[in-house]
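Ready for a few exercises on reading a protein fold? Have a go at each task before you peek at its solution.

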Amino acid sequence: MALFDRPVIETERLVLRRWKMQDMSGFLRFAADPEVMMAAGARPVLSPEEANTTLRRYTEDPYVFAIVLKATSEIMGKIRYQKDYRRPYINSVSVGYELARPFWGNGYMTEALCGMVRYAFDVMQMDVIGISHFTENHRSRRVIEKAGFIREGVIPYAFYRFDGRIFDEVTYSLTREEYLTGVPDSSRREL
Ligand SMILES: CC(C)(COP(=O)(O)OP(=O)(O)OC[C@H]1O[C@@H](n2cnc3c(N)ncnc32)[C@H](O)[C@@H]1OP(=O)(O)O)[C@@H](O)C(=O)NCCC(=O)NCCS
């Protein structure tokens, strides 16, 4: 991933910014909620010590953003750039996200993801963004579709969760060319 200088991304209603240790209550709103975290394949934080360690890690990582609602300054969730493990050695990135339940259904994550897509192509100069969700996660499916990603297919047995459950994943991508032209790459055609 290419480093970038000003890790603040702004959209109409949101600011995506670096985490601070003072953000603990906003962090716990999603990170301690099993329903949110398990859907993303992660374990919810269970103890104050764990919360401290995880939040500290976030503060040290320029690719992990707090999602802040401009209107109230509340922290609603987290969105991050992460390695696109399916595209090693490619100038690519993936995105992962979680939103606290009281804020679901207002289009916030779609807006945040669109901001991340813009930043990845316009500033980080990525060639492609990959993204995926568990087959059953229809909310995340809609977010990804609304942000303009193109479906690649289903990968069976793609993700081993900490509790031993295995998930199939639906994968999507958006190339730089597709982002700039709005037209799906010809390689997308069925063989
Ligand atoms: C997935 C998540 C980020 C969505 O955030 P959000 O801000 O509510 O998303 P949006 O409001 O932008 O869009 C949600 C879409 O899902 C739809 N939706 C809601 N419940 C649904 C359901 N049960 N089945 C299908 N679609 C559903 C909404 O109608 C909306 O689509 P629409 O605009 O076409 O109507 C949030 O639910 C979350 O944090 N979930 C747990 C963590 C997670 O799953 N992370 C992603 C891992 S890949």
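Before we start, one term: contact means heavy atoms within 4.5 Å. Also keep in mind that this is a predicted model.

**Exercise 1.** Work out the order of the strands in the open sheet, and find its edge strands.

*Solution.* Start with the general idea: strands of a sheet pair through backbone hydrogen bonds, either parallel or antiparallel. Here, eight strands line up as β1-β2-β3-β4-β5-β6-β8-β7, and the pairing is mixed. Next, look for strands that pair on one side only: those are β1 (9-10) and β7, the edge strands.

**Exercise 2.** Zoom in on β7 and β8 and describe how they pair.

*Solution.* First, find the strands: β7 covers residues 150-160 and β8 covers residues 166-175. They pair in the antiparallel sense, over seven bridges. Now pick one bridge: R151 has Y172 in β8 as its partner. Finally, check the link: the two strands form a hairpin with five residues between them, and G164 in the turn has a positive phi of about 95 degrees.

**Exercise 3.** Do the same for β4 and β5, then say which helix packs on the sheet there.

*Solution.* β4 (residues 75-82) and β5 (residues 92-99) are antiparallel too, with six bridges. Across this pair, K78 stands opposite E98 in β5. The helix is α1 (residues 24-31), which touches β4 and β5; its direction makes about 75 degrees with that of β4. Another helix to spot is α5, lying across β5, β6 (128-134) and β8 and running at about 160 degrees to β6.

**Exercise 4.** Are α4 and α5 parallel, perpendicular or oblique to each other?

*Solution.* Two packed helices are described by the angle between their axes and the distance between the axes. For α4 (residues 108-122) and α5 (residues 138-146), the angle is about 45 degrees and the axes are 9 Å apart. Roughly parallel needs an angle under 35 degrees, and roughly perpendicular needs 65 to 115. The two helices are therefore oblique. α4 passes α5 in a right-handed crossing. Who touches whom? M109, T110 and L113 of α4 meet V143, I144 and K146 of α5. Sort these contact residues and you get four nonpolar, one polar and one charged.

**Exercise 5.** Classify the ring pair F121 and Y179, one of nine aromatic pairs.

*Solution.* The ring centres are 4.7 Å apart and the planes are at 25 degrees, so the pair is stacked. F121 lies in α4 and Y179 in α6 (residues 176-181), so the pair ties together parts that are 58 residues apart in sequence.

Terms used. Residues are numbered from 1 along each chain as its sequence is written. This is a predicted model: local features need pLDDT of at least 70, side-chain atom pairs count only at pLDDT 80 or more; totals for chains, interfaces and linings use all residues. Side-chain values use heavy atoms; hydrogens and water are left out. Two strands pair if DSSP finds at least two bridges between them. Helices (H or I, at least four residues) and strands (E, at least two) are DSSP runs, numbered from the N terminus. Axes are lines fitted to C-alpha atoms, for helices over the stretch in contact, and angles run from 0 to 180 degrees between N-to-C directions. Angles under 35 degrees count as roughly parallel, over 145 as roughly antiparallel, 65 to 115 as roughly perpendicular and the rest as oblique. A crossing is left-handed if the near helix is turned anticlockwise from the far one by less than a right angle, and right-handed if clockwise. Ala, Val, Leu, Ile, Met, Phe, Trp, Tyr, Cys and Pro count as nonpolar, Asp, Glu, Lys and Arg as charged, and the others, Gly among them, as polar. Rings of Phe, Tyr and Trp (its six-membered ring) pair if their centres lie within 6.5 Å; planes under 30 degrees apart count as stacked, over 60 as edge-to-face and the rest as tilted.
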